[in-house]
Structures are given as structure tokens and as C-alpha cells.
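Here is a short report on one protein chain. Take a look at the model before reading on.

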Amino acid sequence: MPLTNKIVGALMDLELVQFKNSNRIRLTLFNLMFSIALLTFATQTKAMWNMYEKGEVNTGRASGLTIERKASIWRAERNFWITVCCVMTYWCLYRHTALRKRYLVLKKEKKEAEERTKEE
């Protein structure tokens, strides 16, 4: 396994909190960062929604707006798209890691099954 996979795997599985009676409930560094990304995505979506709802964003040409208003609209849209990219990146990394773990389990089961058939 390449070094980058080992580093990413270690960072994703780094446990911050784990409850004693449950193996399923644990807080990893990755889960914390993904939750923060989702929270920021939700807040930026709400901010954009409020701008469009109040009519502050003109869907046509923005020739009548002041430069400060245009800058504020641009920042809100930029922040929204940055959070979308962050959430999608974390989601893809999560799915990749889950599939990689499943692949390793299946590979181990296949090897064990082959050993059992050789013994018989």
C-alpha cells in the first residue's frame, strides 16, 4: 500500500472520542471535519437563499447596484461554491475509503476461502 494511502487512512481513522459501550458511535477527525463542512454549506446556502428571497440579487444585469453591493453578492456566491466543493470532496473521500475498506475485507475473505478449499 502506498505511503499516501497509509497517511490518509490514519488521518481518517484518528479517533477523537469513542463511547465505551458502543463500537458504532465514535468521533473521528474526518467525521468532525465533514460535519463542519456540512454546517458551513448549510449556512452559506441559507445566506444565498436570503439574498435571492429579499431581491438583493438581480438575476439580469447588475448595472444599478453599487460596487459594495456587487462585492457582497460576489463573496456570498464564492463562499457558497467553495463550500459545495468542500462537501463534495469530503463525500468522495468518505466513499473511497468505505469502498477501500470493503475491498480489503472481501480480499481477505477470498484468501481465507481459497485456503479452506486447498485444505479440503
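## Fold and burial

Of the 120 residues in the chain, 17% are buried. The model is predicted. Three helices and two strands make up its secondary structure. Read from the N terminus, the elements run α-β-β-α-α. The chain exposes about 9800 Å². Carbon and sulfur atoms supply 62% of that area. Among contacts between residues at least 6 apart in sequence, 50% join residues at least 24 apart.

## Two helices

Helices H2 and H3 can be set side by side.

| Helix | Residues | Length | End-to-end C-alpha distance | Expected span |
|---|---|---|---|---|
| H2 | 29-53 | 25 residues | 36 Å | 36 Å |
| H3 | 67-119 | 53 residues | 78 Å | 78 Å |

For H2, the distance between the end C-alpha atoms agrees with the span expected at 1.5 Å a residue. For H3, the reach from first C-alpha to last is close to the expected value.

Which residues of H2 are buried? They are Phe-30, Phe-34, Ala-37, Gln-44, Met-48 and Met-51. Just after H2, Gly-55 takes a positive phi of about 80°.

H3 has its own buried set: Ser-72, Ile-73, Ala-76, Phe-80, Thr-83, Val-84, Val-87, Thr-97 and Arg-100. Polar names appear in that set too, among them Ser-72, Thr-83 and Arg-100.

## The core

In soluble globular proteins, nonpolar side chains tend to be buried together. Here the largest nonpolar core has six residues: Met-48, Met-51, Ile-73, Ala-76, Phe-80 and Val-84. H2 and H3 are the elements that give two or more residues to this core. The largest share, four residues, comes from H3.

Phe-80 is one of the core residues. What does Phe-80 touch, leaving aside residues up to four places away in sequence? Its contacts are Phe-41, Gln-44, Thr-45 and Met-48. Of these, Gln-44 and Met-48 are among the buried residues of H2.

## Cysteines

How many disulfides does the chain have? The count comes to zero. The sulfur of Cys-85 has its closest cysteine sulfur in Cys-86, 7.1 Å away, so the pair is too far apart for a bond. A disulfide would need the two sulfur atoms within 2.5 Å. Cys-86 is likewise in no disulfide, with the sulfur of Cys-85 as its nearest cysteine sulfur.

Is Cys-86 buried, partly exposed or exposed? Its relative accessibility is 35%, so Cys-86 counts as partly exposed. The partly exposed range lies between the 20% limit for buried and the 50% limit for exposed.

Methods
Residues are numbered from 1 along each chain as its sequence is written. This is a predicted model: local features need pLDDT of at least 70, side-chain atom pairs count only at pLDDT 80 or more; totals for chains, interfaces and linings use all residues. Side-chain values use heavy atoms; hydrogens and water are left out. The expected span of a helix is 1.5 Å times one less than its number of residues. Buried means under 20% relative accessible area, exposed over 50%, partly exposed in between (1.4 Å probe, protein chains only). A nonpolar core is a set of buried Ala, Val, Leu, Ile, Met, Phe, Trp, Tyr and Cys residues joined through side-chain atoms within 4.5 Å. Contact means heavy atoms within 4.5 Å. Accessible areas come from the Shrake-Rupley method with a 1.4 Å probe; for residues, only the protein chains shown count as cover.
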